[in-house]
Amino acid sequence: MTDLDLVWKNLFRKPLRTILLTVSIFMAFLIFGILTSLNVALDRASESGSASNRLVVSNKINFTQSMPYAYINRVAAIPGVTAVTYQNWFGAYYQDQRTSRFVGFAVDPETYMAIFRDEARLTDAERQAFLTERTGVIVGKSLADRYGWKVGQTIPISSNIYSQANGRRSWDMKISGIFTGAKPTDPTTAIYFHYDYMNETITFGRDQVGTITVVTASPDQNDQVAKAIDANFANSPAETSTVDEKTFSRAFLKQAGDLNFIVTMVVSAAFAAILMIVSTTLVSAMRERTKEIGVMKTLGFSSPRVLRMVLGEAVLLSSLGAVLGLGTSAFILTGLSKSPVGSNFGDLSMSPVVALSGLALAVSLGLVTGAVPALSALRMSIIEALNRG
Amino acid sequence: MSALIQLKNVKKTYKRGKESITIFDGLNLTIEQGDFVAIMGPSGSGKTTLLNLLGGTDRSDSGEINFDGERIDGYNEGQLAGWRARSVGFIFQFYNLMPVLNAAQNVELPLMLTKLSAGKRRANVETALKIVGLWDRAKHRPKELSGGQQQRVAIARAIVSDPKFLLCDEPTGDLDRNTANDILGTLQQLNQEMGKTIVMVTHDPEAARFAKRTLHLDKGVFAEVTQ
């Protein structure tokens, strides 16, 4: 028998109590695992496809408001700007709006492909096809895999915003290519098609663009160029807000709110509650064992060794809950990343950093919850313990 | 015979609120190797305090406590814990076995403080349980054993690391007469056949008859010695 055997046996002295405590800790780590991984995926998604010398110009009111098409040339003329492209949010879905929505942008193929060549990787033939086919669309590999799309196939892409003059809400598009990301973990769940194809057929919002992407001569000029762009459109009916691409992507992905803040608050609340529950229960559990601790000390177990065993019990309990919670959240995340909503975040799988942070948190939780009973066991005199029990 | 334990001019006072209660004011005691001493006396006479001092679970205010030629009253907590593990076997009135461990595991507890191999530990546990006649109950948990059997397991735990000295606090106080006599017989056997030095606190004159001598303690002073 080792100290660990003894710790394990003591931990399961009252199985129901231990199971309930483990479930509480499991829930906290389940929340931690899922929310933290989502946040990490969000960070990763906003970083992928972002370049340090790129800015995004959008309507100052909100990026869902459009800007006149004429802005493109005016932005391109601003000193420090080396290239521009533009895109319109399409509200795209395939067949069923409830279950198959995805990111869809109407873009200017030539300028778009020039700027985003690395982020949307195509073969030369695919790129050429996209540039020349008016109804051409390039689709991300994840989406293509999900719906079984093939190059050359014509698919109906619908919009939950726009409609055509004939009343149809869908546009027939021919798949020119299937793109992959710069890294395997980059999300490839979007489609890009010709702005002109959309602009000529929609019943409202013509000659408007959603955002303009600007390439600057160097990142050092970003601030200066951004200020110049916004100053150029000050006091106009559509004032602009120009930010770096990463900031814009993050804001776009976080439309639901400040996820960092939400994650921190929810995880903190969960852990504070668990800390109270586990700590109180362990104190009461140790009180029940006062006499046994006295006996162990009488037999010759040193006070530091008893302290280590009590702390070990708390750490083992929290680690058990954490491993189950993190394991389950990893399983759920894998399932979620295959769902239409989850796939927009790219690779949702739990990163080693999140898993290790979770385990470190579990050890800390164990040490904190075990501190009070362990210190009380350390200080307890043998006579007091044997008389009290 | 040589002295195993010697108490010289031991003083012990307890504080209860603002009041100081003197338990011993210069107690002297010598226990020889291989002795079996019963300590009797009314409640409050200092029996338990004496047992705590002899077992190194409490400290005297002054005076000397020697064990096998070694002065232990100056030991720190860690040294005392090590000394207890090496030298003393404890037998309590209410057995004090760990409910989550079976009989063999309970007996093995003191061996966790040694550097013996797992095989040697198992052999020692088997020997100890065979001595008390409970090897066939090795896998039973305390709640599956009778009071007498639990006390036998406690005795096996006390002797498993082969200490010279056994301290028994009312070892038969919770048992019926026949079972008590069995337990006392086992202690007597350990004393006579294995040379264990035993100090036993008891209220029971029948139990005291199993000892080689009885010391009567009253108000912190040995009043009478019965051979």
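The questions and answers below explain the terms applied to this predicted model.

The model is predicted, with local features needing pLDDT of at least 70, side-chain atom pairs counting only at pLDDT 80 or more, and totals for chains, interfaces and linings using all residues. Residues are numbered from 1 along each chain as its sequence is written, while chains are lettered from A and ligands numbered from 1 in the order in which they are written.

Q: Why is A:N235 called exposed?
A: A residue is exposed if 12 or fewer other C-beta atoms, placed from the backbone, lie within 10 Å of its own, buried if 20 or more do, and partly exposed in between. A:N235 has 6 C-beta neighbours inside 10 Å and therefore counts as exposed. A:N235 is in the loop between helix 8 (222-232) and strand 12 (240-244) of chain A; helices (H or I, at least four residues) and strands (E, at least two) are DSSP runs, numbered from the N terminus.

Q: What makes B:N9 partly exposed?
A: B:N9 has 13 C-beta neighbours inside 10 Å, so B:N9 counts as partly exposed. This residue lies in strand 1 of chain B.

Q: What is notable about the phi of B:N9?
A: Most residues other than glycine have a negative phi. B:N9 is not a glycine, yet its phi is positive, at about 50°. A:N235, also a residue other than glycine, has a positive phi near 65°.

Q: How do you know that strand 1 and strand 4 of chain B are paired?
A: Two strands pair if DSSP finds at least two bridges between them. Strand 1 (residues 3-16) and strand 4 (residues 62-67) of chain B are joined by 5 bridges and run antiparallel. In this pairing B:K8 stands opposite B:E64. The open sheet has 4 strands in the order 2-1-4-5.

Q: Why are strand 2 and strand 5 of chain B called edge strands?
A: Strand 2 (19-32) and strand 5 (70-71) of chain B each pair on one side only.

Q: What makes a group of residues a nonpolar core, and which residues have the most contacts inside the largest one?
A: A nonpolar core is a set of buried Ala, Val, Leu, Ile, Met, Phe, Trp, Tyr and Cys residues joined through C-beta atoms within 7 Å. The largest has 113 residues, and those with the most contacts inside it include A:I25, B:I39 and B:A156. Helix 2 (residues 15-47) of chain A gives the most to this core, with 11 residues. A second, separate core has 30 residues, among them A:Y93 and A:I138.
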